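Biologist: I'd like a close look at one part of this protein, and I'm new to reading structures. Could you take me through it slowly and then show me how it fits with the rest?

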Amino acid sequence: MKENNSRRSFLKLAFGTLALAPLARVLAAMPKTQKIKDKMINEKTAKKLNYVDVASKAKDHKKYKKGSNCGNCKFYKESKEKGWGKCSMAGNKYVASEGWCKSYRLDKKKVKKEVKKEVKKKG
Ligand code: SF4
């Protein structure tokens, strides 16, 4: 009986954690400051570009390639607001670094920077 309870507790915890993963992704994609909220990509532009706030949501789009996101796109300009930057394709409005749209163009310099950061982290 006691073993059953601990197994049940483990399963509850495991499924509870899994259930929170998508929520964490959504929260990460939400703007943290009013400055961002006021200057975010608008709905009309987002629709025109097929913009999504989390790149994996575009996995069925014919132009989407795994690993592509606003953060390594040549139209993305990093800002002081972590996770957010301005996009020249979106009228210099803020987009999520984890986002993606059909106008994505790989910026090789940014990818190299990301790789260098990863290598430094792993030390
Ligand atoms: S053009 Fe690049 S930075 Fe702008 S929304 Fe599309 S993928 Fe993101």
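Does Lys108 count as buried or exposed, and how many C-beta neighbours does Lys108 have inside 10 Å?

Modeller: Sure! Keep in mind that this is a predicted model. Lys108 counts as exposed, because there are 9 C-beta neighbours inside 10 Å, and a residue with 12 or fewer goes into the exposed group.

Now for the surroundings. Lys108 sits in helix α4, which covers residues 108-122. None of the 15 residues of α4 is buried, so the helix lies largely in the open. We can check the length of α4 too: at 1.5 Å a residue it should span 21 Å, and the C-alpha atoms at its ends are 21 Å apart, so the two agree. Just after α4 comes Gly123, with a positive phi of about 65°.

Lys108 also has a partner from another stretch of the chain. Asn72 is 36 residues away in sequence, yet the two C-alpha atoms are 7.8 Å apart in space. A similar link shows up with Lys74, which belongs to the loop between α3 and β1. The C-alpha atoms of Lys74 and Asp107 are separated by 4.5 Å, although the two residues are 33 places apart along the chain. Leaving out residues up to four places away in sequence, Lys74 touches Arg105 and Asp107. Lys74 itself is partly exposed, because 14 other C-beta atoms lie within 10 Å. Links like these fit a wider pattern: of the contacts between residues at least 6 apart in sequence, 65% join residues at least 24 apart.

Let's step back to the whole chain. The protein has 4 helices and 3 strands, and from the N terminus on they run α-α-α-β-β-β-α. Of the 123 residues, 21% are buried.

Next, the strands. β1 and β2 pair in the antiparallel sense over 3 bridges, and Glu78 has Gly85 in β2 as its bridge partner. Their hairpin has 5 residues between the strands, and Gly83 in that hairpin takes a positive phi near 85°. β2 also pairs with β3, again antiparallel, over 4 bridges. Across that pairing, Trp84 stands opposite Ala96 and Lys86 stands opposite Tyr94. This second hairpin has 5 residues between its strands as well, and Gly91 in the turn has a positive phi of about 65°.

Why point out phi at all? Most residues other than glycine have a negative phi. Two asparagines go against that habit. Asn92 has a positive phi near 60° and sits in the loop between β2 and β3. Asn92 counts as exposed, because it has 12 C-beta neighbours inside 10 Å. Asn50 also has a positive phi near 60°, but its place is the loop between α3 and β1. Asn50 is partly exposed, because 15 other C-beta atoms lie within 10 Å.

So what about the inside? The largest nonpolar core has 19 residues, and those with the most contacts inside it are Cys70, Cys87, Val95 and Trp100. β2 and β3 each supply at least two residues of this core, with the largest share, 3 residues, coming from β3. Cys70 is a good place to zoom in: among the residues it touches, setting aside those up to four places away in sequence, are Tyr76, Cys87, Val95 and Trp100.

Cys70 turns up again around the ligand. 15 residues surround the ligand, and the closest are Cys70, Cys73, Tyr76, Cys87 and Cys101. The shell is made up of 13 nonpolar residues, 2 polar ones and no charged ones.

Put it all together and you get two contrasting views. Lys108, where you started, is exposed and belongs to a helix that lies largely in the open. Cys70, on the other hand, is part of the largest nonpolar core and is among the residues closest to the ligand.

Key:
Residues are numbered from 1 along each chain as its sequence is written. This is a predicted model: local features need pLDDT of at least 70, side-chain atom pairs count only at pLDDT 80 or more; totals for chains, interfaces and linings use all residues. A residue is near a molecule or strand if its C-beta atom, placed from the backbone, lies within 6 Å of it. Ala, Val, Leu, Ile, Met, Phe, Trp, Tyr, Cys and Pro count as nonpolar, Asp, Glu, Lys and Arg as charged, and the others, Gly among them, as polar. The expected span of a helix is 1.5 Å times one less than its number of residues. A residue is buried if 20 or more other C-beta atoms lie within 10 Å of its own, exposed if 12 or fewer, and partly exposed in between; C-beta atoms are placed from the backbone. Two strands pair if DSSP finds at least two bridges between them. A nonpolar core is a set of buried Ala, Val, Leu, Ile, Met, Phe, Trp, Tyr and Cys residues joined through C-beta atoms within 7 Å. Two residues are in contact if their C-beta atoms, placed from the backbone, lie within 7 Å.
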